[in-house]
Amino acid sequence: KEYRKNIIKTLMIMAFVESIMGILQHFLLWPVDCEHLTKAHRLGRMAFGAAQNCNFFAGLLTLLMGLCVATYVSVKLRKKQKYACLVIIAVVYLCGLYTATRIFWLGAIGVFISLIGFEIVYFISNRNIKDNLLRLKRIGIVLVIVVAVTGGVYLSKDNCIVSQIQEFKADSENLKEEGNIDRYGSSRGVIWRMGIEALPKYWVLGVGVDNYHYTYKINPTYDGELYRQPRAHCEYLQVLVDEGVFAFALYMSFIFYTFIKTVKYLCKNKMNSDNVYKYIFLIAFCSYSIQALVNSSIVNIAPYFWITVGLLNERTEMRNIKTFNSKNRGEQINNDEK
């Protein structure tokens, strides 16, 4: 319990520090430029944090926002801690907007879908009206903060929101007029199409780990001019195309197993100081999993997700086995002495 508590504290501090960094980057006050697509990040004033990419940073902020919101909603906090938590949520959300990515929008929506969806399931299972109403009230407070921050940024005529609305409209018009998905989602359409069209031939073992760019080379429509993307910009498609259908089935089984197991556990047990951490990590887990539909898994972001997965699948039985073995060794020593 103490370890999980310290992990949450550490991640919340990290969320605040990285978000302040991202806000400074948005206003061009950070001394170092982004190493990836430097000109685009600078002209668009996109926050990139320590991830060196606005998309990857948005994915991390989604997970951290889910963790911070769930902590505020579910943990009994002192007055100062509540205010500190709300400040961190506001700063993280503001920084997420400054990444100028629709990935964060999707992730933020995922946070509230996960929270409200779980409250409905939990209420049906436990019917603890008082606790549910308290958490719903706190969710409402967070929603007010989100609306206020979004409205403030929009009224300030900051391009981070306007540009994303314009891109969404352009995507919708292209789909209606041309029926071509290639340019959809900042050209994610063509990236996904290349991977999907490679599946009939490479469905068993895939094209190879971190070899997604090969799908361009084998596609007859590829003219050699388009940049060959090394990632699918969809974590699930990446696993399917790179490693094949069996690896994909195993991966998705593990994801669903983690989700279903945790939800069942929380529904069978009342929310208390022991299992509230499962609730927090579950919301972070769901938030990241939703944004992963349109984002890539990379080595400097994915570990945070796998930390939540590990904490949701903790095995207390291992400690019991260790204790049992220790006792056996003690008994064996006593027998030898006799």
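Student: What is the accessible surface of the protein, and what share of it belongs to carbon and sulfur atoms?
Tutor: Happy to start there, keeping in mind that this is a predicted model. The accessible surface comes to about 18600 Å². Carbon and sulfur atoms make up a share of that area, and the share is 63%.

Student: How many helices and strands does the secondary structure of the protein come to?
Tutor: Reading along the sequence, you meet the pattern α-α-α-α-α-α-α-α-α-α-α-α-α-α. The C-alpha atoms of these elements and their loops fill a box of roughly 80 × 50 × 45 Å along the principal axes. The tally is 14 helices and 0 strands.

Student: Among contacts between residues at least 6 apart in sequence, what percentage joins residues at least 24 apart?
Tutor: Let's put burial beside it: of the 338 residues, 45% count as buried. For the contacts you ask about, the share that joins residues at least 24 apart is 70%.

Student: How far apart do the centres of the positive and negative side chains lie?
Tutor: There are 39 positive side chains and 26 negative ones. Taking the centre of each set, the separation is 11 Å.

Student: What span should helix α11 have at 1.5 Å a residue, and what is the distance between its end C-alpha atoms?
Tutor: Helix α11 covers residues 245–268, which is 24 residues. The expected span is 1.5 Å times one less than the number of residues, so α11 should span 34 Å. The end C-alpha atoms agree with that, being apart by 34 Å.

Student: Which residues of α11 are buried?
Tutor: A good one to follow on the structure. An α-helix has 3.6 residues a turn, so residues three or four places apart point the same way. In α11, the buried residues are Y251, M252, I255, T258, T262, V263, L266 and C267.

Student: How many disulfides are there, and which cysteine sulfur is nearest to that of C54?
Tutor: A disulfide needs two cysteine sulfur atoms within 2.5 Å, and by this rule the count is 0. C54 is in no disulfide, as its nearest cysteine sulfur is 7.5 Å away. That sulfur belongs to C34.

Student: Is C68 buried or exposed, and what is its relative accessibility?
Tutor: C68 is likewise in no disulfide; the nearest cysteine sulfur, from C85, is 6.2 Å away. Buried means under 20% relative accessible area. C68 falls under that cut-off and therefore counts as buried, with a relative accessibility of 1%.

Student: Which residues is Y277 in contact with, leaving aside its neighbours within four places in sequence?
Tutor: Y277 sits in helix α12, residues 276–291, and counts as buried at 9% relative accessibility. Its C-alpha is 9.2 Å from that of A70, although the two are 207 residues apart in sequence. Its contacts beyond the sequence neighbours are K1, R4, K5 and I8.

Student: Where is A100 found, and what is its phi?
Tutor: A100 lies in the loop between α4 (79–98) and α5 (102–126). Its relative accessible area is 11%, so A100 is buried. A100 is not a glycine, yet its phi is positive, at about 55°.

Student: Which loop holds H233, and what is its relative accessible area?
Tutor: H233 is another residue other than glycine with a positive phi, near 55°. Its loop runs between α9 (214–217) and α10 (235–243). H233 is buried, with a relative accessible area of 15%.

Definitions and conventions:
Residues are numbered from 1 along each chain as its sequence is written. Side-chain values use heavy atoms; hydrogens and water are left out. Helices (H or I, at least four residues) and strands (E, at least two) are DSSP runs, numbered from the N terminus. Buried means under 20% relative accessible area, exposed over 50%, partly exposed in between (1.4 Å probe, protein chains only). Contact means heavy atoms within 4.5 Å. Accessible areas come from the Shrake-Rupley method with a 1.4 Å probe; for residues, only the protein chains shown count as cover. Lys and Arg count as positive and Asp and Glu as negative; His and the chain ends are not counted. The place of a charge is taken as NZ of Lys, CZ of Arg, CG of Asp or CD of Glu.
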